[in-house]
Amino acid sequence: MDDFSVAPKGELHVHFNGALPPRVVDRIIVESNSAERLAEINYNCSKLLVNKTSPNLVEYLKPWEFLRLIPINKEQLYILIEAFFIAMSDTNIKFVEVRHTVVHLAKNCDITYLEALDWLLEGLLIYGGKYNIKVGLIITIGRGEQAIDHIKSAITNIPLSNLRNLIIGIDLAGDEDYKLENDIYYLFKKCKYDFGLGITIHAGETGNINNIKEAVTLFDADRIGHGTCAKNDFKVLEMLSKNKVCVEVCPLSNMMTGATRLANGHSLKEFLKFEVPFVICSDNPGIQETSLNEDYIYCNKEVDMPDFLRQMYEYQKQFTFIKGIL
């Protein structure tokens, strides 16, 4: 029987805030806010956990109302970064791509985008080294009215960072029904072709198959986040296979957000049938109270994949944006 807990793994789709242990987050939130402020925002630690049967993605993302409150200084950031790497180490993750928006960190700490970026990269370098986990940063851009401003901030500041080599990719996340400005496609591709960054797009998580098509044809995406509804369009499956676009599958998250209900199940069997490369990821294991081990167990039950652990690790090494993973 496969021993999922001790097998070496790579993590290609995990959000920093969503991976933090709620007990650590709760302590810092309570320390950073007065009792009056906590009452005003109606805070309690139970709200840091997702509803395991959320009716939709918006409901699933409710914990971010509080996750975005911290950190408010560099000391807190480093406490959170170390907690993140301890959680990764406990799951025997050997390399991890960390997703972070950066803009909220800058706002909370009242510092510039560049200062926030360098604080974050410095912390990832220090604690990745301490726990012997190779790390790279994926800057996440949220779909919304400020998306253009946020990616422009990233483009302006990435070349100025002293640790820019740790920045490996750009991600688009959030409400898939939000209409994007045309300029954003050009700006993402600028990151890819001018800076050499990988492109990953959250697409097809909430049932909109067109977002998967746009990710490949307009963003030149290297990978797709979730892609749950791909199973409903054979042409999309063929496109992903032909272009060798890897899908970051987050099985337990997709169940909790209702993505699998919208898609009538996971696309795992279809990915194997159409030879679409995919990697198993955890998404937000802290607020889900899960780990990548459990996502592995779920996937292994769903599909017949010979030598599952070895094959998955090979895919993770093949499709990671981190250089030098052997």
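Guide: Welcome! One idea first: two strands count as a pair if DSSP finds at least two bridges between them. The model we are looking at is predicted.

Visitor: Thanks! What is the order of the strands in the sheet, and is the pairing parallel or antiparallel?

Guide: The sheet has 8 strands, in the order β1-β2-β3-β4-β5-β6-β7-β8. Their pairing is parallel, and the sheet is open. In general, strands of a sheet pair through backbone hydrogen bonds, and they may do so in a parallel or an antiparallel way.

Visitor: What makes β1 and β8 edge strands?

Guide: Each of them pairs on one side only. You can find β1 at residues 9–15 and β8 at residues 278–280. Going from one strand to the next, the twist averages 25 degrees.

Visitor: How do you know that β6 and β7 are a pair?

Guide: Set the count against the rule: at least two bridges are needed, and 3 bridges join β6 (residues 223–226) to β7 (residues 246–249). The two strands therefore pair, and they run parallel. As an example, G225 has E248 in β7 as its bridge partner.

Visitor: Which strands does helix α8 lie across?

Guide: Helix α8, residues 113–130, lies across β2 (93–100), β3 (134–142) and β4 (167–173). Relative to β3, α8 runs at about 150 degrees. Angles over 145 degrees count as roughly antiparallel, so α8 and β3 are roughly antiparallel.

Visitor: Why are α8 and α9 called roughly perpendicular?

Guide: α8 and helix α9 (residues 147–157) pack at an angle of about 70 degrees, with their axes 10 Å apart. The range for roughly perpendicular is 65 to 115 degrees, so the label fits this helix pair. On the α8 side, the contact is made by Y113, L114 and L117; on the α9 side, by S153, A154 and N157. These residues divide into 4 nonpolar, 2 polar and no charged.

Visitor: Is D149 in α9 buried, exposed or partly exposed, and how do you know?

Guide: D149 has 46% relative accessibility. Buried means under 20% and exposed means over 50%, so D149 counts as partly exposed. Between D149 and F321, the C-alpha to C-alpha distance is 24 Å, and the two are 172 residues apart in sequence.

Visitor: And why is H100 called buried?

Guide: H100, found in strand β2, has 8% relative accessibility. The cut-off for buried is under 20%, so H100 counts as buried. Leaving aside residues up to four places away in sequence, H100 touches F16, L105, L120, L137, I138, I139 and T140.

How values were computed:
Residues are numbered from 1 along each chain as its sequence is written. This is a predicted model: local features need pLDDT of at least 70, side-chain atom pairs count only at pLDDT 80 or more; totals for chains, interfaces and linings use all residues. Side-chain values use heavy atoms; hydrogens and water are left out. Helices (H or I, at least four residues) and strands (E, at least two) are DSSP runs, numbered from the N terminus. Axes are lines fitted to C-alpha atoms, for helices over the stretch in contact, and angles run from 0 to 180 degrees between N-to-C directions. Contact means heavy atoms within 4.5 Å. Angles under 35 degrees count as roughly parallel, over 145 as roughly antiparallel, 65 to 115 as roughly perpendicular and the rest as oblique. Ala, Val, Leu, Ile, Met, Phe, Trp, Tyr, Cys and Pro count as nonpolar, Asp, Glu, Lys and Arg as charged, and the others, Gly among them, as polar. Buried means under 20% relative accessible area, exposed over 50%, partly exposed in between (1.4 Å probe, protein chains only).
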